[in-house]
Amino acid sequence: MPATLVTFADGSVIGEGIVTRVESSSEGMIVVVDATPFHPVDHTWPDQPGDSGALVVGGAQVAVAEALMAAISDEGDFAVGADIPVKRGAEGWTWLVGHRVDGDVPSTLAAGTAVRLEVDAAHRAGLSRGHTACHLASLALDLAVADLWRKDPGADALGNPDFEARANQSSRIHEDGSVDEYRLGKSLRRAGFDTETFAATLAEREATINAQLSAWVASAATSRIVTEGPTIVDRRRWHCALPDGEAVILCGGTHVASLAEFHSISVALDLSDPQLLVMTTTATPAA
Ligand SMILES: [Zn+2]
């Protein structure tokens with residue numbers, strides 16, 4: 001069985017394919033189709049939730065609760081989501097998108113059946129705005145704390161000191177926003193970051209980030225995904241043509257086509273635990 005072909009990178013929300021497997025798993029019933037527009041949640045870095053929607057066969061709709069990664073080993077072991085014992089793209093496994101169906105899968109939806117796949121387009125659009133806003137907020141954060149490094153931590157996608165890569169420990173995207181957590185511990189101080197000055201100037205830093213985000217939204221820059229191939233495990237990168245230069249970030253998620261799709265993006269910084277910066281990003285769609 002070949003790897004699942006995916007079309008979400010170009011913004012597709014509708015597709016057609018042939019069911020290749022129907023499996024029960026600890027996550028529920030999983031339907032695998034040879035090609036799909038559904039974006040699956042990643043099992044190793046689950047930042048963006050999988051798409052929801054429906055599989056349509058013979059006029060009947062079967063609800064898809066969430067798309068997720070699935071894989072089959074060369075020995076024939078089928079695994080889904082967190083049960084996959086290897087990293088995405090590992091050798092010796094074929095990589096698939098699974099469509100999780102809550103409840104029973106009708107017998108009409110068996111291997112070999114032609115299906116139409118319909119992603120919940122409003123949910124996808126909200127997640128795409130949330131993911132693009134998340135990347136922009138991270139880049140604006142890197143820029144807003146660039147003066148606080150005593151040593152070079154390496155460069156981010158815009159050439160600024162890469163706070164994101166050094167400190168980010170989790171990223172959770174939802175419709176029209178995200179929550180990112182950054183570890184401000186000893187190792188970051190040892191890497192040369194001035195956490196004391198950062199804590200003392202938190203409100204100014206937040207205002208600087210929000211001013212930058214307003215400028216980027218006003219630029220209406222184009223945003224797109226460039227893929228190295230058609231399968232779910234081919235590398236994909238987000239490109240955003242910002243006035244400061246084109247940002248290119250390795251990313252498996254979905255994104256808006258233009259920053260004109262936003263009315264605004266803003267962040268709130270929280271340091272109630274001095275070791276943990278929580279950045280909450282909120283996007284408002286353009287009317
Ligand atoms: Zn991303």
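**Close-up views of a predicted model**

His 135 and Cys 251 are both buried. Keep those two names in mind as you go through the views below, which come from a predicted model.

**View 1. The zinc ion and its three donors.** Here you can pick out His 131 (NE2), His 135 (NE2) and Cys 251 (SG) coordinating the zinc ion, at 2.1 to 2.3 Å. Read along the chain, the donors fit the spacing H-x3-H-x115-C. Two of them, His 135 and Cys 251, tie together distant parts of the chain, 116 residues apart. His 135 belongs to helix α1 (residues 121–144), while Cys 251 sits in the loop between β15 (245–250) and β16 (262–273).

**View 2. The largest pocket, between two domains.** This one holds about 990 Å³ of space. Its lining takes in 37 residues, and Trp 45, Ile 249, Leu 250, Cys 251 and Gly 252 are the ones nearest the centre. Helix α1 chips in the most, with six residues. At least two residues each come from α1, α2 (163–167), β11 (168–174) and β15. Sort the lining by class and you get 14 nonpolar, eleven polar and twelve charged residues. Why does the pocket lie between domain 1 (5–119) and domain 2 (123–285)? Because both domains give residues to its lining.

**View 3. The second largest pocket, with a volume of about 230 Å³.** It has 18 lining residues, and closest to the centre are Gly 11, Ser 128, His 255, Val 256 and Ala 257. Two elements, α1 and β13 (223–227), give two or more residues to this lining. Helix α1 has the largest share, with five residues. By class, that lining breaks down into eight nonpolar, five polar and five charged residues. Domain 1 (5–119) and domain 2 (123–285) each supply at least three residues.

**View 4. The largest cavity, with about 30 Å³ of space.** Just one cavity of 30 Å³ or more turns up in the count. Around it are Met 1, Pro 2, Ala 3, Thr 4, Thr 20, Val 32, Val 33, Asp 34 and Leu 96. Six of these lining residues are nonpolar, two are polar and one is charged.

**View 5. Thr 195 in helix α4 (residues 195–200).** Is Thr 195 buried or exposed? Thr 195 counts as buried, because its relative accessible area is 8%, and the cut-off for buried is under 20%. Leaving aside residues up to four places away in sequence, Thr 195 touches Leu 184, Leu 188 and Arg 189.

Terms used
Residues are numbered from 1 along each chain as its sequence is written. This is a predicted model: local features need pLDDT of at least 70, side-chain atom pairs count only at pLDDT 80 or more; totals for chains, interfaces and linings use all residues. Side-chain values use heavy atoms; hydrogens and water are left out. Donors are N, O and S atoms within 2.8 Å of the metal (3.2 Å for Na, K and Ca); water is not among the atoms, so sites may look incomplete. Helices (H or I, at least four residues) and strands (E, at least two) are DSSP runs, numbered from the N terminus. Buried means under 20% relative accessible area, exposed over 50%, partly exposed in between (1.4 Å probe, protein chains only). On a 1 Å grid over the protein atoms alone, a cavity is a set of points where a 1.4 Å probe fits but cannot get out, and a pocket is an open set with protein on both sides within 12 Å along at least five of seven lines; lining residues have an atom within 4 Å of a point. Grid points are joined across faces, edges and corners, and a volume is the space filled by probe spheres set on the points. Ala, Val, Leu, Ile, Met, Phe, Trp, Tyr, Cys and Pro count as nonpolar, Asp, Glu, Lys and Arg as charged, and the others, Gly among them, as polar. Contact means heavy atoms within 4.5 Å. Domain bounds come from an automatic or database domain assignment.
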